[in-house]
Amino acid sequence: MNRMWKCLVAIIVAMVPAVVLADYTWNFPEPATPLALDTLNVHNKFMIITIVIFVAVLGIMLYSMAVHRKSVGHKPADFTGPKNRKQLIWTLVPFGILLYIDFILMGIPAAHSIFMMEDTKTNAQMVLKVTGSQWKWQYEYMDGDAQGIKFVSNLTTPQEQLYQGAPKGENYLLEVDNELVVPTNKKIRVLLTATDVIHNWWVPQFGVARDAIPGFLRETWLQIEKEGTYRGQCKELCGRGHGYMPVVVRAVPEEEFKAWVVAKKEEASKLAASATKEWSKDELMTQGAEVYTKICSVCHQANGQGLPPAFPALAGSKVVNGPVVDASGKLIKDSHLDRVLNGKAGTAMQAFKNTLSDAEIAAVVTYERNSFGNTIGGVIQPTQVAGLR
Amino acid sequence: MSTGSIAAHGHDDHAHHGPTGLARWLFTTNHKDIGTMYLMFSMIMFLIGGSLILSVRAELFQPGIQIIQPELFNQLIGLHALVMIFAALMPAATGFANWMLPLQIGAPDMALPRLNNWGFWLLPPAGTILLMPLVLYLFGIGTGGADAGWTLYPPLSAQSGWGIDFAILALHLMGISSVMGSINVVVTILNMRAPGMTMMKLPMFAWGWLMTAFLLIATIPVLAGAITMLLTDRHFGTHFFDAAGGGDPILFQHLFWFFGHPEVYILLLPIWGFIPHILETFARKPMYGYKAQVWSLVCIAALSVIVWAHHFFTAGMPVQALIYFMYSTMSISVPLAVLFFCWIATIWRGSMTFETPMLFALGFIILFGIGGLTGLVLADVAADAQYHHSYFVVAHFHYTLFAGGIMGVMAGVYYWLPKMTGHMYSEKLGKAHFWLTVISFNLTFMPQFFVGLAGMPRRIPDYALQFTEFNVISTIGAFALGLSQLIFVYNVVTTWRGKGEKATDGVWEGSKGLEWQLSSPPPHHSWDPQPVIK
């Protein structure tokens, strides 16, 4: 009996530091925000409590199984409940302890974390809007110098790595074309919404996961304390590409962030200029191929054959090989360009008018009409798209 | 009610006159036949559900897409859950109820025998309807099975193909079947107990099932409402869950989980009912704390309908709601702890032997304990942001629903199989099945706790490289777990066909309760006249 208890204590003592000191592959990743740190602490504390309860109960059971068995000649007792008041009180003790654990030991820090997590507004220095779409994230800066900066963040892992067993890069599935850039040590209020289905914006090192719900705004907050690149994923099932919409956040010092904002604004003005100029067919085709690979090929496939019936082929498609504007220059309903701009209700084909620029839409439509053996050919100019939006 | 009224028609209750062959099973109103069909249906669907998920695990063995494209992957995960919950676990519990409740409470049959037949025969078509789109898809026809997860959240489920419509129809049928089964159980328990069997003398299994039945009757209609609203959103232009038309996608989550959380207890309460019977039998010591267990079952059933929103804390809700749902969820741990306490106190200072049902029952307590304790930490809202929809949650609910559900059912099967068939199963194979199951189960799901904490979301067909090792282990464990179940199937089938030695009436040395007073197997019509309980 005595040895048994020593054993039990030894196991508990051995397990506690294992949990506390476990390197971050066995536990939450290293926290980067006050919220994640708080979450990690609460989690560690709860894990220790539950492991102690588990080991204690397991110990009692194992002891009973070892001693109270027929093969060692143990005679069964016949009690069916506490026999007297003293025993009754002893029986109630474990439940007293449990109530204390539930509502005091765990309940109070947990409630504290809730208040911390939900306080998105106090002292917030910056507002960021995150929009989830199948299957990419769109970021928009809502105030300060960065106000108006708006871009889409797509997975860049090449299709060969996904489907053809090519050697995988270090950040396989967790790499994007446009990282979200934010300053460190600033409280950032994050507003979330979605354009199609429910998504969930999750970066484990931030301790933040919140649904992005179409038609509604949800909010959370970040305050990243260390520079670095942080990676996460969508964690609400959102269709075929659910595994392919990573979140990548680069946290940089204030100065660097300001420089980034300036550069990004210049880029935006160039982009605006590009929308008004006349593009050559080659330019459109090059740009179109890029957009197609990034956005369209997930469903319609690199060769334009699609995955019918859910994702129709573009090669030889009636829609792609049909006209886009009628005699009076109006957009034809359900034409190729209409589908790209406005999507098709009830399917995974979404409206791209809010996530792609005029130039990108013109380029990709031109590309699709001149590729995969499609015969319609022709060129769509960004200015034309702007007029038809 | 009186003994006389039931015995009055006084035919030869041991003779079995009626149709034979297929017609016997198609038209039977006998509780034992129907129970057998439920259990067989459950076992077949368990194997189907298992093979669905093994193909998923095979895909997840290595990063990259090798054998299953993402759109098929999304169908497999959702259908695995729907099959396991609605077509494997729930029918297993109903099968036990049919077989054992009348025997245990000394009733000649279930109260509503024709309803009983209908309740069962809705299930095979429902299972077919659920799986047919997937099968057609594999042959290149149609848009595939339900691919929005078993929770069918709109707007995703609103944009999917007709697999969703089939799933809705199947859920309706299975829901109707469950509600009919539940009404039958309630009526049987309340009206057909043997004379002298007061409610506080009911077998614990009957109490567990009574609570399940009330929960089913209360919550299945809510699910039915929610999925009907989804159906009209999809096809008839309503906007219940479409924000663009003034609806709210989160409304569906509230309705779904108002059913979905009690569903967990619907699956587990019958098992919590018969586990004490197994423990008292093999510890040769009377059940500890009967009244405390009964009131805990009642408490758990009541609490289970007021905690639903903890399934979507990350969807965002007011602080007050977060606090309320966190504390109410935590409070379930109290009645559950009472049950654990009583189970362990039942074996304490007993005289235990470790036949297969006892091994499964003890394994159930330990592993389900892990499920329960991780459930306690999941109630913590802030940490839940990390756990939620990660593999941590997947591991958690498999510790509750596989270790707590399936392993509990297996304990029940081994416990009652000799009574049902009149033959002993192979103890050697049973023990091999137990140890292989326990080891491979932990090999499968323990790594999922860690990969979840490390940040792997659930329901993704492909994953980042840092999750590889855990997934490799998990897949190996899953295949071992799947193959081990074939031992179980072989053992049950050979026993059913009468291979083992003859079982005595009592079967087990320590068995107590009315069912053990009948012969093994019991006569086709039993307890007519009813026994009298002193």
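**Exercise 1.** Which side chains meet in a salt bridge at 2.4 Å, N to O?

*Solution.* The structure is a predicted model.
Step 1. The pair consists of R240(A) and E71(B), whose side chains form the salt bridge at 2.4 Å, N to O.
Step 2. The criterion requires a side-chain nitrogen of Lys or Arg within 4 Å of a carboxyl oxygen of Asp or Glu, and the pair R240(A) and E71(B) is recorded as a salt bridge at 2.4 Å.
Step 3. Across the interface of chain B and chain A, the rule finds 2 salt bridges.

**Exercise 2.** Describe the contact between chain B and chain A by its residues, buried area and polar contacts.

*Solution.*
Step 1. Chain B contributes 94 residues to the contact, and chain A contributes 92 residues.
Step 2. About 7,700 Å² is buried between the two chains, with carbon and sulfur atoms giving 70% of this area.
Step 3. The interface also holds 27 residue pairs in polar contact, both residues being at pLDDT 80 or more.
Step 4. On the side of chain B that touches chain A, the elements giving two or more residues include α4 (70–105), α10 (249–283), α14 (356–378) and α17 (427–453) of chain B.
Step 5. The most residues on this side come from α13(B), which gives 8.
Step 6. Sorted by class, the side of chain B that touches chain A has 59 nonpolar, 24 polar and 11 charged residues.

**Exercise 3.** Establish the strand order of the open sheet of 5 strands in chain A, and explain why β4 and β7 each have one side without a neighbour in the sheet.

*Solution.*
Step 1. The order is β4-β10-β9-β6-β7 (chain A), and the pairing is mixed.
Step 2. Since β4 (180–183) and β7 (208–212) of chain A stand at the edges with a single partner strand each, one side of each is left without a neighbour in the sheet.
Step 3. From one strand to the next, the twist averages 25°.

**Exercise 4.** Determine the sense of pairing for β4(A) with β10(A), β9(A) with β10(A), and β6(A) with β9(A).

*Solution.*
Step 1. Strands of a sheet pair through backbone hydrogen bonds, in either a parallel or an antiparallel sense.
Step 2. The pairing of β4(A) with β10(A) (residues 246–252) is parallel and spans 4 bridges; P183(A) lies opposite V252(A) in β10(A).
Step 3. The pairing of β9(A) with β10(A) is antiparallel, over 6 bridges; here T229(A) lies opposite R250(A) in β10(A).
Step 4. The strands β6(A) (residues 199–203) and β9(A) (residues 228–234) run antiparallel and are joined by 2 bridges; W202(A) has Q233(A) in β9(A) as its bridge partner.

How values were computed: Residues are numbered from 1 along each chain as its sequence is written. Chains are lettered from A and ligands numbered from 1 in the order in which they are written. Side-chain values use heavy atoms; hydrogens and water are left out. Contact means heavy atoms within 4.5 Å. Buried area is the accessible area (1.4 Å probe) that two parts lose on being put together, summed over both. A polar contact is a pair of N or O atoms within 3.5 Å; within protein, one must be able to donate a hydrogen and the other to accept it, and residues adjacent in sequence count only if both atoms are side-chain atoms. Ala, Val, Leu, Ile, Met, Phe, Trp, Tyr, Cys and Pro count as nonpolar, Asp, Glu, Lys and Arg as charged, and the others, Gly among them, as polar. Two strands pair if DSSP finds at least two bridges between them. Axes are lines fitted to C-alpha atoms, for helices over the stretch in contact, and angles run from 0 to 180 degrees between N-to-C directions.
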